[in-house]
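Reader: I would like to go through this model feature by feature. Please give the general idea each time, and then the case at hand.

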Amino acid sequence: MLTLSRAARLVGASRVALQLKIRSGELPSFDGMVSAEDLLRFYPDIRLEEDGGFEQVREIKERAFGRRVRERLLPSQEILSQRLYEQSTELADLRAHLQRYHAMMEAVRGRIRAQEAQPGMAALGDFLDAQLADILGSAAPNALDVMDDMLRVMSAHVTLRPSGHDFFVEGADTLLEAILKAGLAVNYGCSNGNCGLCKARVVSGEVRKLRPHDYVLSEAEKNQGYTLLCCHAAVSDLVVEALETGSAGDIPPQQIVARVKALQPLGEDMRLLHLQTPRNNRLRFLAGQSATLTAGEASAQLPIASCPCDDRNLHFHVARDAKDDFARQVFEALRAGDPVTVYGPWGEFVLRADSPRPILFVASEAGFAPIKGLVEHAMSLDRAELLHLYWHSTRPAGHYLANLCRSWAGALDNFRYTAVTEGGAEALVARMAREHDDLAAFDLYLAGPQGFVEDASKALARQGFPAAQLSATAT
Ligand code: FES
């Protein structure tokens with residue numbers, strides 16, 4: 001039996017897609033687990049030589065996310081050898097068991113053959129021979145079992161308590177890096193072993209220190225299993241007790257000097273400012289929040305157009321504006337490698353991470369920036385049954401990342417994208433109500449120019465949309 005997360009990774013589907021199949025009765029499940037046999041019946045095309053279907057989908061997702069090709073690092077040599085040692089021990093144990101069973105079967109077979117003259121014994125002997133021949137003849141390994149074994153060597157599965165959220169730790173990632181990539185938010189500060197804020201208790205499983213840390217855990221804490229998430233990696237599957245935060249108010253403002261990684265035109269009048277924070281000082285924020293950027297003498301507060309799940313990368317969409325000093329810096333002066341001070345995060349426009357509802361994202365013009373962060377966060381969490389993005393822009397080049405939105409829709413079964421090119425906020429709300437007759441069943445995130453946000457909020461209220469399920473921000 002496989003947990004849903006592991007099954008999803010093995011067959012290259014999202015967890016939500018499997019949940020939908022279970023709910024519709026197509027895929028049987030027992031206590032939230034699915035059997036490898038049922039999974040293979042459903043996904044018969046799993047091939048070992050394809051290096052695992054999950055790899056393919058993950059790559060598509062990462063391309064769709066617009067991430068740089070991440071270094072594909074293996075776990076450290078020590079972690080790999082420890083995992084291999086544990087699998088070899090398990091295998092040796094199984095071999096010993098099999099040999100004992102084999103010897104027992106041979107003994108039983110000998111006794112039956114010795115008493116063949118007794119009634120029924122000859123038939124029993126023939127039956128036993130046929131069964132043994134059958135077992136020996138069907139030696140082909142189950143593809144999912146083999147892939148699952150490989151997955152156990154390459155990554156570790158971690159469950160957080162008390163939330164029950166789970167994720168995989170891959171490559172040379174620390175536990176903190178893996179938590180952030182999974183779209184989860186835990187308490188942390190420096191991310192390099194100084195502050196102790198990422199302290200968490202390992203309830204079961206084994207961790208290994210990846211880097212030295214100045215923060216000293218007391219003997220009592222060590223005995224209770226406490227560890228620093230930012231300095232340790234998972235050797236085996238883990239259960240970890242850690243407090244998760246979903247609220248923007250839990251995050252203190254930080255000031256970090258980041259560097260320009262790239263400046264990329266997004267059409268004529270928009271530019272992607274891609275910053276990277278230092279390895280040992282990342283910005284702690286929630287997707288959808290803003291930050292104040294300062295380059296030279298110019299400052300601006302801008303929505304962060306990426307998600308904490310995107311490692312140390314921070315994206316901002318900067319519109320050309322001759323009267324705005326910061327925009328002029330971005331279009332005329334900034335170069336790769338230049339320092340930019342990031343101060344923040346600000347704002348409460350964040351995902352209701354534990355809400356079970358499907359999600360509508362509504363962006364107007366450059367309101368797409370914070371919405372993009374939320375979409376990426378929702379994809380990393382992989383919990384909502386449906387994500388539908390409406391991007392409203394009546395300007396010819398207004399949908400400046402339409403290809404990205406289309407690639408999300410192509411990569412994920414539960415993602416839809418609608419580019420809206422005409423009408424105002426009211427017409428858009430009416431269209432959503434036509435296309436989703438259960439509109440009130442959604443959470444809705446709305447970002448755009450002040451006037452659009454106000455008009456859309458009023459139109460939603462007239463449609464009877466529950467105010468508690470609406471989050472809005474003016475950009
Ligand atoms: S985040 Fe500061 S010690 Fe881990």
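Reader: How many bridges join strand E17 to E18, and do they run parallel or antiparallel?

Author: Two strands pair if DSSP finds at least two bridges between them. Strand E17 (residues 387–392) is joined to E18 by six bridges, and the two run parallel. Within this pair, His392 stands opposite Val420 of E18. The names follow DSSP runs numbered from the N terminus: helices are H or I runs of at least four residues, strands are E runs of at least two. This is a predicted model, in which local features need pLDDT of at least 70 and side-chain atom pairs count only at pLDDT 80 or more, while totals for chains, interfaces and linings use all residues. Residues are numbered from 1 along each chain as its sequence is written.

Reader: What is the order of the open sheet with E17 and E18, and which strands stand at its edges?

Author: In a regular strand the side chains alternate between the two faces of the sheet. Here five strands form an open sheet with parallel pairing, in the order E18-E17-E16-E19-E20. The edges are strand E18 (415–420) and strand E20 (470–474); each has a single partner strand, so one side of each lacks a neighbour in the sheet. From one strand to the next the twist averages 10°; angles run from 0 to 180 degrees between N-to-C directions, and axes are lines fitted to C-alpha atoms, for helices over the stretch in contact.

Reader: Which strands does helix H11 lie across, and which does helix H14 touch?

Author: Contact between two residues requires that their C-beta atoms, placed from the backbone, lie within 7 Å. Helix H11 (residues 368–381) lies across strand E16 (359–364), E17, strand E19 (443–448) and E20, and runs at about 160° to E16. Helix H14 (residues 450–462) packs on the sheet and touches E16, E19 and E20, its direction making about 160° with that of E20.

Reader: Where does Glu365 lie, and what is its phi?

Author: Most residues other than glycine have a negative phi, and most peptide bonds are trans. Glu365, not a glycine, has a positive phi of about 50°. Glu365 is in the loop between E16 and H11.

Reader: Which peptide bonds are cis?

Author: The bond from Arg161 to Pro162 is cis, with omega near 5°, and Pro162 is in the loop between E3 and E4. A cis peptide bond also joins Gly344 and Pro345, where omega is about 15°. Pro345 lies in strand E15 (residues 339–346).

Reader: What is the order of the open sheet with mixed pairing?

Author: The order is E4-E3-E9-E5-E7, five strands in an open sheet. Strand E4 (166–170) and E7 are at the edges with a single partner strand each, so one side of each has no neighbour in the sheet. The twist averages 40° from one strand to the next.

Reader: How are E3, E5, E7 and E9 joined?

Author: Strand E3 (residues 155–161) runs parallel to E9, with four bridges; Val158 stands opposite Leu238 in E9. Strand E5 (residues 199–204) and strand E9 (residues 238–241) run antiparallel and are joined by three bridges, and Arg201 stands opposite Glu241 in E9. E5 is also antiparallel to strand E7 (residues 226–228), again through three bridges. Lys199 has Leu228 of E7 as its bridge partner.

Reader: At what angle do helices H1 and H7 pack?

Author: Angles under 35 degrees count as roughly parallel, over 145 as roughly antiparallel, 65 to 115 as roughly perpendicular and the rest as oblique. Helix H1 (residues 4–11) and helix H7 (residues 143–154) pack at about 105°, with their axes 10 Å apart, and are therefore roughly perpendicular to each other. Arg6, Arg9 and Leu10 of H1 meet Leu144, Met147, Asp148 and Leu151 of H7.

Reader: Where is pLDDT under 50?

Author: pLDDT is the predictor's confidence in each residue, from 0 to 100. Where pLDDT is low, the predicted coordinates should not be read in detail. The chain averages 87, and 93% of the residues score at least 70. Over residues 48–57 pLDDT stays under 50, and the model has twelve contacts beyond four places in sequence for them.
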